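Here is a set of short questions and answers for someone meeting this structure anew. Each answer works step by step to a name or a value.

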Amino acid sequence: MTTTTTGTTGTTKVYRVYIKATPQAIWDAITKPEWTRKYGYQGIAEYDLRPGGRYRALAIPEHREAGMPEVPVEGEVIEVDPPVRLVQTWRPTWLDEPATRLTYEIAERGNGVTSLTVTHELAGAPQTLAQVNGEVESAGGGWAEVLSDLKSLLETGSPLYA
C-alpha cells in the first residue's frame, strides 16, 4: 500500500488504497466531521472547501485530556475538485516544522471500487515524516493505519478498533 520516493527536494510519501465505495463516499469521509470522527485519530475535520480556505482538525475530548492541543493539525486548502481531488497544506501544531503539502486523489475503478491516493510532500519536515510514517512510539500507525481504518469503516460500517 505504500510507495516512497526520495529526491533532491525531500521525501514524498505516496499511499494508495482500494475501497469498495463511491468517490463521493470517500470524499465525504475525508471532508465531513461526522465521518472523520469515526476513524483514524478521530479528529473532527473543519474544511472551508475553497482555495485559500482553512483546514483544522479538532482533537476529541479524550485526546485533549491526554495533553493534545485543541487543534492538533491545521492547514490551508489549495485546490478543490469534489469528489476527485483535494490539495491542502498540513501542519501538526505541536511540531516546530513548516507546513507540508497533502493531496488526495480519488478515482473510480469500476465494479464499485474506487482508489484513494494520498500524496504527502514532506520536504523539510523530518518529525512530521516520522509521525505520518507511524515511526513514533505510541503515536499510532500514521497514514497506513488511518487509510486502513477508513477502508474498513466504508466497507463494513465499523472502524478497525470498534
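Q: Is G157 buried or exposed?
A: The model is a predicted one. G157 lies in the segment after α5. Exposed means over 50% relative accessible area. G157 has a relative accessible area of 54%, so it is exposed.

Q: What is the phi of G157, the residue that follows α5?
A: G157 comes after helix α5. Its phi is positive, and the value is near 85°.

Q: What distance separates the C-alpha atoms of G157 and R85?
A: Along the chain, G157 and R85 are 72 residues apart. In space, their C-alpha atoms are separated by 24 Å.

Q: How far does α5 reach from its first C-alpha to its last?
A: Helix α5 has 15 residues. At 1.5 Å a residue, 21 Å is expected. The model comes close to that, with a reach of 21 Å.

Q: Which residues of α5 are buried?
A: Buried means under 20% relative accessible area. In α5, this applies to G142, W143, V146, L147, D149, L150, S152, L153 and L154.

Q: Which residues lie closest to the centre of the largest pocket?
A: The largest pocket holds about 700 Å³ of space. Its lining is made of 32 residues. Closest to the centre are Y41, G43, V73, W90 and V146.

Q: Which element gives the largest share of the lining of the largest pocket?
A: Several elements give two or more residues to this lining: β3, β4, β6, α4 and α5. The largest share is five residues. The element that supplies them is α5.

Q: How many charged residues are in the lining of the largest pocket?
A: Sort the lining by class. Nonpolar residues number 25, and polar residues number seven. As for charged residues, there are no such residues in the lining.

Q: Is T128 buried or exposed?
A: T128 lies in helix α4. Leaving out residues up to four places away in sequence, T128 touches W90, P92, L95, E97, T100 and L122. Its relative accessible area is 0%, so T128 is buried.

Q: With which side chain does the side chain of H120 make a polar contact?
A: H120 sits in strand β8, residues 113–121. Its relative accessibility is 0%, so H120 counts as buried. Beyond four places in sequence, H120 touches T11, T12, K13, W90, T100, R101, L102, V132 and W143. The polar contact, at 2.9 Å, is with the side chain of W143.

Q: Which residues touch V87, leaving aside neighbours within four places in sequence?
A: V87 has its place in strand β6. At a relative accessible area of 0%, V87 is buried. Its contacts are E76, V77, I78, E79, R101, L102 and T103.

Q: How far apart are the C-alpha atoms of V87 and E76?
A: V87 and E76 are eleven residues apart along the chain. E76 is also among the residues in contact with V87. Their C-alpha atoms are separated by 8.8 Å.

Q: What is the omega of the cis peptide bond that joins P82 and P83?
A: Most peptide bonds are trans. The bond joining P82 and P83 is cis. P83 is in the loop between β5 and β6. The omega of this bond is about -10°.

Q: What is the phi of Q42?
A: Most residues other than glycine have a negative phi. Q42 is not a glycine, yet its phi is positive. Q42 lies in the loop between α2 and β3. Its phi is about 65°.

Q: What is the relative accessible area of Q42?
A: Partly exposed residues fall between the 20% and 50% cut-offs. Q42 is partly exposed, because its relative accessible area is 28%.

Q: Is N111 buried or exposed?
A: N111 is found in the loop between β7 and β8. Its phi is positive, near 55°, although N111 is not a glycine. Its relative accessibility is 74%, so N111 counts as exposed.

Q: How many of the nine residues of α1 are buried?
A: Helix α1 spans residues 23–31 and is mostly covered. The buried residues are P23, I26, W27, D28, A29, I30 and T31. The count of buried residues is seven.

Conventions:
Residues numbered from 1 in each chain as written. Predicted model: local features only at pLDDT ≥ 70, side-chain atom pairs only at ≥ 80, totals over all residues. Heavy atoms only, no water. Helix = DSSP H or I, 4+ residues; strand = E, 2+ residues; numbered from the N terminus. Buried < 20%, exposed > 50% of the residue type's maximum accessible area, 1.4 Å probe, protein only. Polar contact = N/O pair within 3.5 Å; in protein donor to acceptor, adjacent residues only side chain to side chain. Contact = heavy atoms within 4.5 Å. 1 Å grid on protein atoms, 1.4 Å probe; cavity = no way out; pocket = protein on both sides within 12 Å on 5 of 7 lines; lining within 4 Å. Points joined across faces, edges and corners; volume = space filled by probe spheres on them. Nonpolar A, V, L, I, M, F, W, Y, C, P; charged D, E, K, R; others polar. Expected span 1.5 Å × (residues − 1).
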